Amino acid sequence: MAGVQYFVTRHKGQWMVALNCEYSGPYATEEEAIRVAVDAAYKEGNAGRDAQVLVQGHDHRFRNEWSYGRDPYPPPNRARAEG
């Protein structure tokens with residue numbers, strides 16, 4: 001997918017969100033970092049850009065966590081936690 005990609009990763013031992021090699025955070029948990037990344041990607045999607053969130057696993061590979069237009073917003077686990 002071309003477009004905006006947010007990467008959730010551990011950087012220097014802390015959960016961070018990277019966009020274009022610039023980091024935001026740190027976040028207390030992986031879940032918090034994912035929430036921040038999904039919210040930002042959702043805003044990008046609403047602005048007409050393809051957007052997705054990728055999360056780095058323990059094997060250092062990235063998996064697709066959320067994509068604008070494909071996955072629900074807010075993600076189901078977030079909706080349960082908030083609602």
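The legends below describe several close-up views of a predicted model.

**View 1. The five-stranded sheet and the order of its strands.**
Five strands make up an open sheet, and read across the sheet their order is β3-β2-β1-β4-β5, with mixed pairing. The edge positions are taken by β3 (22–27) and β5 (62–67), and because each of these has a single partner strand, one side of each is left without a neighbour in the sheet. Direction ignored, neighbouring strands of this sheet are turned by 25° against each other on average.

**View 2. The hairpin of β1 and β2.**
Strand β1 pairs with strand β2 (residues 14–19) in the antiparallel sense, and five bridges join the two. One of the residues to look for is H11, whose bridge partner in β2 is Q14. Two residues lie between the strands of this hairpin, where K12 takes a positive phi near 55°.

**View 3. Strand β4 and its two pairings.**
How many bridges pair β1 with β4, and in which sense do the two strands run? Strand β1 (residues 4–11) and strand β4 (residues 51–56) are joined over five bridges, and the pairing is parallel. Within this pairing V8 stands opposite V55 in β4, while Q5 has Q52 of β4 as its bridge partner. The pairing of β4 with β5 also runs over five bridges, but here the sense is antiparallel. Q52 stands opposite S67 in β5, and L54 has N64 of β5 as its bridge partner. In the hairpin of β4 and β5 there are five residues between the strands, and H60 takes a positive phi near 75°.

**View 4. The side chains of strand β4.**
Six of the six residues of β4 are buried, so this strand is largely enclosed by the rest of the structure. A reader who follows the strand will find that A51, V53 and V55 point one way, that Q52, L54 and Q56 point the other way, and that all of them are buried.

**View 5. The largest nonpolar core, with V8 as an example.**
In soluble globular proteins, nonpolar side chains tend to be buried together. The largest nonpolar core in this model has 15 residues, and those that touch the most other members are Y6, V8, V17, A33, A37, A41 and V53. Two or more residues of this core come from each of β1, β2, α1 (30–46) and β4. Helix α1 gives the most, with five residues. What surrounds V8, once residues up to four places away in sequence are not counted? V8 touches W15, M16, V17, E30, A33, I34, A37, V53, L54, V55, Q56 and F62.

**View 6. Salt bridges between pairs of side chains.**
Side chains of opposite charge can pair when their charged atoms come close. The structure holds five salt bridges, and three of the pairs can be described one by one, beginning with R49 and E44, whose side chains meet at 2.4 Å, N to O. Is each of these two residues buried, partly exposed or exposed? R49 has 42% relative accessibility and counts as partly exposed, whereas E44, with a relative accessible area of 18%, is buried because buried means under 20%. R63 forms a salt bridge with E65, and the closest N and O atoms of this pair are 3.2 Å apart. R63 is partly exposed at 38% relative accessibility, and E65 is partly exposed too, with a relative accessible area of 30%. The salt bridge of R70 with D71 has its closest N and O atoms 3.0 Å apart. R70 is exposed, with a relative accessible area of 53%, while D71 counts as partly exposed at 22% relative accessibility. E32, R35 and D39 are joined into one network by salt bridges that share partners.

**View 7. D39 in helix α1.**
D39, a member of the salt-bridge network with E32 and R35, is found in helix α1. With a relative accessible area of 17%, D39 is buried. The side chain of D39 is also joined to the side chain of Y73 by a polar contact of 2.8 Å.

Note on methods:
Residues numbered from 1 in each chain as written. Predicted model: local features only at pLDDT ≥ 70, side-chain atom pairs only at ≥ 80, totals over all residues. Heavy atoms only, no water. Salt bridge = Lys/Arg side-chain N within 4 Å of Asp/Glu carboxyl O. Buried < 20%, exposed > 50% of the residue type's maximum accessible area, 1.4 Å probe, protein only. Pairing = 2+ DSSP bridges. Helix = DSSP H or I, 4+ residues; strand = E, 2+ residues; numbered from the N terminus. Core = buried A, V, L, I, M, F, W, Y, C linked by side-chain atoms within 4.5 Å. Contact = heavy atoms within 4.5 Å. Axes fitted to C-alpha atoms, helices over the stretch in contact; angles between N-to-C directions. Polar contact = N/O pair within 3.5 Å; in protein donor to acceptor, adjacent residues only side chain to side chain.
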